[in-house]
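Got the model open in your viewer? Let's take a walk around its aromatic rings, one selection at a time.

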Amino acid sequence: MPSFDEVLKEAGEFGRFQKRVFFLLCQTGVTFSFLFTSVVFLGQAPGNYWCRIPGAAELSERCGWSLEEEQNFTVLPLRLGNRSSSGECERLDVAWDASVSCASPLAHYSNGSVGNLPLTPCHDNWVYKQPHSSIVSEYNLVCGNAWMLDLSQAILNLGFLIGAFTLGYAADRYGRILIYLLSCLGVGICGIIVAFAPNFTVFLIFRFLQGVFGKGTWMTCYVIVTEIVGSDQRIVGIVIQMFFTLGIMILPGIAYLVPTWQGIQLAISLPNFLFLLYYWVVPESPRWLLTRKKGEKALKIMHNIAKHNGKYLSPHYSEITISNEEVSNPSFLDLVRTPQMRRNTLILMYAWFTSALVYQGLVMRLGIVGGNLYLDFFISGAVELPAALLILVTIDRIGRRLPFGIGNIVAGIACLITAFLPEDIPWLKTTVATLGRLGITMAFEIVYLVNTELYPTTLRNFGVSLCSSLCDLGGIIAPFLLFRLAAVWLELPLIIFSILAVVCGLLVFLLPETKGISLPETVEDVEQLS
């Protein structure tokens with residue numbers, strides 16, 4: 001009986017059928033990047049807000065004040081009398097009632113000097129010029145509540161973490177396409193609920209669930225594409241990540257055209273329902289079917305692939321070699337039970353963690369340096385395109401391991417140099433830091449491909465999901481590590497990033513090279529990789 005790779009060569013390793021499936025699934029990268037980075041626009045700081053004095057709403061209505069006039073009466077005297085206060089996080093400790101004059105509402109309390117009036121912290125009575133422009137103004141995530149905006153992104157990353165474990169396991173047990181479609185449905189439904197959440201608690205719960213299902217769509221589509229193409233075509237996994245970058249470049253356009261956060265949330269969530277149409281055009285992974293002892297279904301799909309590719313399978317291809325491994329439900333022990341699998345798993349987990357931590361740390365460090373938020377965000381996405389192009393040029397010529405390791409080492413050295421460059425040449429610091437981001441972006445994109453190629457079919461989705469969960473852990477830790485250490489010394493985070501990246505680059509050279517080899521079907525295949 002022929003092996004699966006022999007049948008795939010006969011049917012076409014990257015013909016019309018695979019190109020169509022590849023293009024369709026690439027759109028998942030766009031929507032996932034929307035979810036991953038949307039907090040930048042959902043959580044924009046409100047441009048103009050102040051703390052309202054109790055009774056000010058009724059007085060404003062009675063006196064016929066505009067919002068600007070109410071702000072002048074409320075905040076301007078406070079700024080004149082207490083120059084350290086902006087009126088955003090504290091207010092004058094007074095209350096306006098029917099006896100207050102419309103012409104001079106504070107005259108009754110000030111006794112000639114506004115500076116003598118006590119101040120009190122503001123808790124829940126803020127006024128915003130644009131009340132529905134972002135979740136910050138919608139749920140009062142300002143002043144003492146500002147940390148809750150960071151919490152919303154941490155909750156999303158926690159959802160990614162849980163999704164990697166649960167849906168990665170489910171995709172290996174119940175099938176790639178089933179979990180992909182259920183995940184798309186979940187992202188869409190949860191996204192709608194997030195847009196109309198009545199309070200911040202409901203917002204957090206369904207943002208967490210959107211993270212769970214979002215990770216399911218991203219990881220599963222990646223594995224499907226990798227499993228239906230030949231070993232020489234698996235760099236399509238890198239191209240999928242270019243669509244992630246494309247999403248980063250599209251998002252500011254959506255945010256610019258849509259004025260409210262609810263509109264942005266719906267615009268980035270509703271496209272997931274379109275992916276449900278893939279039920280009729282994207283098949284189950286035949287590799288996965290073989291591991292579940294469903295050879296007839298796998299062969300039927302291979303005949304269909306051959307037909308669409310203009311090829312014809314030989315009549316003697318009536319059966320395909322089925323994995324001799326017993327069908328079992330994957331567990332973490334399967335990833336560390338044998339020496340080669342154990343080494344691969346531990347190094348890949350560290351590589352995922354480091355890539356996420358250094359990548360997000362450098363992005364947050366560079367930040368958005370004034371100017372136009374939408375244009376700056378677009379440019380920050382465009383910076384990532386050269387990394388993907390470099391990978392496409394080198395990965396099939398010199399292999400995976402060398403650019404993977406060098407990307408990490410370049411990022412580490414760039415971080416170290418940036419830390420000790422003098423402050424009076426900011427353009428050089430920014431240039432070297434950008435070089436570091438280019439290096440870590442290369443490493444980040446290659447780890448997806450290498451992770452997929454180093455696990456057998458029976459454990460592939462679970463292995464990729466489990467290892468990539470360390471990426472989400474790095475994403476949760478990155479902001480805390482950056483800001484806590486920067487409080488000690490501004491450049492200290494760069495020193496930590498440098499150490500992590502260089503160590504990762506060295507460890508990567510202990511992994512086997514996977515250029516041009518067939519995807520391993522069993523644990524024994526992995527153990528035989530040199």
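Select every Phe, Tyr and Trp and show the rings: there are 20 aromatic pairs to find, where a pair means ring centres within 6.5 Å, taking the six-membered ring for Trp. Keep in mind that this is a predicted model, with local features needing pLDDT of at least 70, side-chain atom pairs counting only at pLDDT 80 or more, and totals for chains, interfaces and linings using all residues. Numbering runs from 1 along each chain as its sequence is written, and side-chain values use heavy atoms, with hydrogens and water left out.

First stop: F41 and Y374. Their rings are stacked (planes under 30 degrees apart; over 60 is edge-to-face and the rest tilted), with 5.6 Å centre to centre and 15° between the planes. Now colour by helix (DSSP runs of H or I, at least four residues, numbered from the N terminus). F41 sits in helix α3 (residues 39-42) and Y374 in helix α19 (residues 373-382), 333 residues apart. Is F41 buried or exposed? It's buried, at 0% relative accessible area, while Y374 is partly exposed at 23%. Buried here is under 20%, exposed over 50%, and partly exposed in between (1.4 Å probe, protein chains only).

Next, select Y139 and F203. This pair is tilted, at 5.6 Å centre to centre and 50° between the planes. Y139 is in the loop between α8 (135-138) and α9 (147-174), F203 is in helix α11 (residues 200-227), and so the pair ties together parts 64 residues apart in sequence. Y139 counts as buried at 13%, and F203 is buried too, at 0%.

Last stop: select F32, F36, F160, W218 and F244, a cluster linked by ring pairs.

Key: Helices (H or I, at least four residues) and strands (E, at least two) are DSSP runs, numbered from the N terminus.
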